[in-house]
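Colleague: Could you take me through one part of this model up close? I'd like to look at a single place where two helices meet.

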Amino acid sequence: MKPIRINGGGLAGLSLGVCLRHKNIPVEIHEKGNYPRHKVCGEFICGIKEKTLAQLQIDTLFADALKHHDISWWMGNKQLLTESLPEPALGISRHTLDERLADVFQRNGGQLILGKRISSDNNPSDGCVWATGKPANPKTNKPEWIGIKIHAVNTHLNGLHMHSSTRGISGSKGGYMGLAEVENNRVNCCGLFHVRSNIRPTEARARWDNPAAVIMAYAEACGMTKLLELMESWDYDPNSFTATAGFALGLQEKQPGFSLGDAAWLIPPFTGNGMSMAMESSAIAAGWLEKYSAGDINWHEAEHGYQHDSNNHFSRRMKLSKIMHPMLFNFPGQQILKASIKTNTLPFKSIFSQLRKP
Ligand SMILES: Cc1cc2nc3c(=O)[nH]c(=O)nc-3n(C[C@H](O)[C@H](O)[C@H](O)COP(=O)(O)OP(=O)(O)OC[C@H]3O[C@@H](n4cnc5c(N)ncnc54)[C@H](O)[C@@H]3O)c2cc1C
C-alpha cells in the first residue's frame, strides 16, 4: 500500500489517520503542537451522524460525551427563544477528544510526528493531505475577529446557551458567546467577537481579577449583562484559556492540493458545525485515499474525486451560512430575526437542519 502523509493533527487529520490505519494504510501525521491541549472551540458537536463516526472507526470515543437536547438564544439581554434540537448534540472537550484520537491512531500503528510546523509553501506532492485548520488571512494585517475560550469548573448547564449582540462602538459588529457543558463538570465558554482595540488583556485582568477577564470585558462591551452575571458566579481553569485571531470566515481560497476540514471549508461557527464538517470531510477523503493507496487510481484522480464529492456535500450549507452569518452581526439582520421570532415565523429547526445537511 502507498503511504499517506497528513499535515495537521486536529479533528480532520486525526480522524482521517485513525480511519486509514484501520484499512492498514501506512500513515504519518505531522502536527506542530502536542497533546493534550486546549483549543478555541465551542466543543458542541452537532449534525454528525452515528454512521459517519462508525465509518471513521471513532464512534466509541464519543460513548461518554454529554448529550445536549436544547438551545437557548439571547440577543443582548433578552432571551429570544428556547428550542429543542432536531437531534441531540455531543459535548466533549478538544483537550480530551484530540488526545483520545492521537492515542488510538498511535496504538493502531500510525506515526505521529509532533512539534514541527510544516511550511504551507511546500509543493503539494502525491500522497500528501493538508488538514492544518483555519488558514491565516493573508488579506489583512489587522485581525477582524478574535475567538476566545475558557472552561468554567465545578458547574453544570443545560443545553447550549447562545448570546449574541450587534452592539458596537467605532463601527464594531459585536459578537457572540456560546456556553455548553463538557465532561468533568466543566462549562465551555467560547466567544467570537469583532476585535476591539480598547480591550487589552492586562487592563481587563486588572479590572476583573479573573482568568475569564478578557471574555468578560468583551461580553460587557457588547452589553451582554445577563451573561456577565452568570460568568461572574463561576470559577475557571486558567490553563484552559486560549485565543486566536487573524483569520477570515467563510469559503477559503482553495489550498493547493488535497485539503480537508477548516483548511478547505471554514464555516462561521455560530451558523455552522465545523467539527462535524472536519470529520465528514475525513470520511469522504478516506474512500479516495484508500483507492489511491491500493494503486487503483493515481493521485490526480484521488484529489479530483474527493473535491467533486466534498463540493457536492458542503456547498449548500456554505451558501446558506454565508447568508445567515452576516444577519447575526448587523442591526437590520437582527431586527428581521427578532421580528420573525416574535411573530413565530422563524423556521428555526428547518434552518438549523439545512445548515447541517449535505
Ligand atoms: C470561536 C470558535 C468556536 C467554534 N465552536 C465550534 C463548535 O461549538 N462546534 C463546532 O462544530 N465547531 C466549532 N468551531 C469550528 C471548529 O473548531 C473547527 O471547524 C474544527 O476544529 C476544524 O478541525 P480541523 O481539524 O480542520 O482544524 P483544527 O482542529 O484547527 O486542526 C488543525 C491542526 O493542524 C495543526 N497545524 C496547523 N498548521 C500546521 C502546520 N503548518 N504544520 C503542522 N501542523 C499544523 C494545528 O496545530 C491543529 O492541531 C469553532 C471555531 C471557532 C473559531
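Modeller: Here is a quick look at the whole chain, followed by the helix pair. Keep in mind that this is a predicted model. The protein chain has 10 helices and 15 strands, and its C-alpha atoms fill a box of roughly 60 × 45 × 40 Å along the principal axes. For 358 residues, a compact globule would have a radius of gyration near 21 Å, and this chain comes out at 20 Å, so the two agree. Of those 358 residues, 43% count as buried. If you take the contacts between residues at least 6 apart in sequence, 74% of them join residues at least 24 apart.

Now for the close-up. The pair is H1, covering residues 11-22, and H3, covering residues 94-107. Their axes come within 9 Å and cross at roughly 30°. Angles under 35 degrees count as roughly parallel, so H1 is roughly parallel to H3. As for handedness, H1 passes H3 in a left-handed crossing.

Which residues make the contact? On the H1 side you'll find Leu11, Leu14, Ser15, Gly17, Val18 and Arg21. Facing them from H3 are Asp98, Leu101, Ala102, Val104 and Phe105. Sorted by character, the residues of this contact come to 7 nonpolar, 2 polar and 2 charged. If you want to find the spot on your screen, start from Leu14 and Val18 on H1 and Leu101 and Phe105 on H3, which are among the residues making the contact.

Methods
Residues numbered from 1 in each chain as written. Predicted model: local features only at pLDDT ≥ 70, side-chain atom pairs only at ≥ 80, totals over all residues. Helix = DSSP H or I, 4+ residues; strand = E, 2+ residues; numbered from the N terminus. Rg over C-alpha atoms; globule rule 2.2 N^0.38 Å. Buried ≥ 20, exposed ≤ 12 C-beta atoms within 10 Å, placed from the backbone. Contact = placed C-beta atoms within 7 Å. Axes fitted to C-alpha atoms, helices over the stretch in contact; angles between N-to-C directions. Parallel < 35°, antiparallel > 145°, perpendicular 65-115°, else oblique. Left-handed = near helix turned anticlockwise from the far one by under 90°. Nonpolar A, V, L, I, M, F, W, Y, C, P; charged D, E, K, R; others polar.
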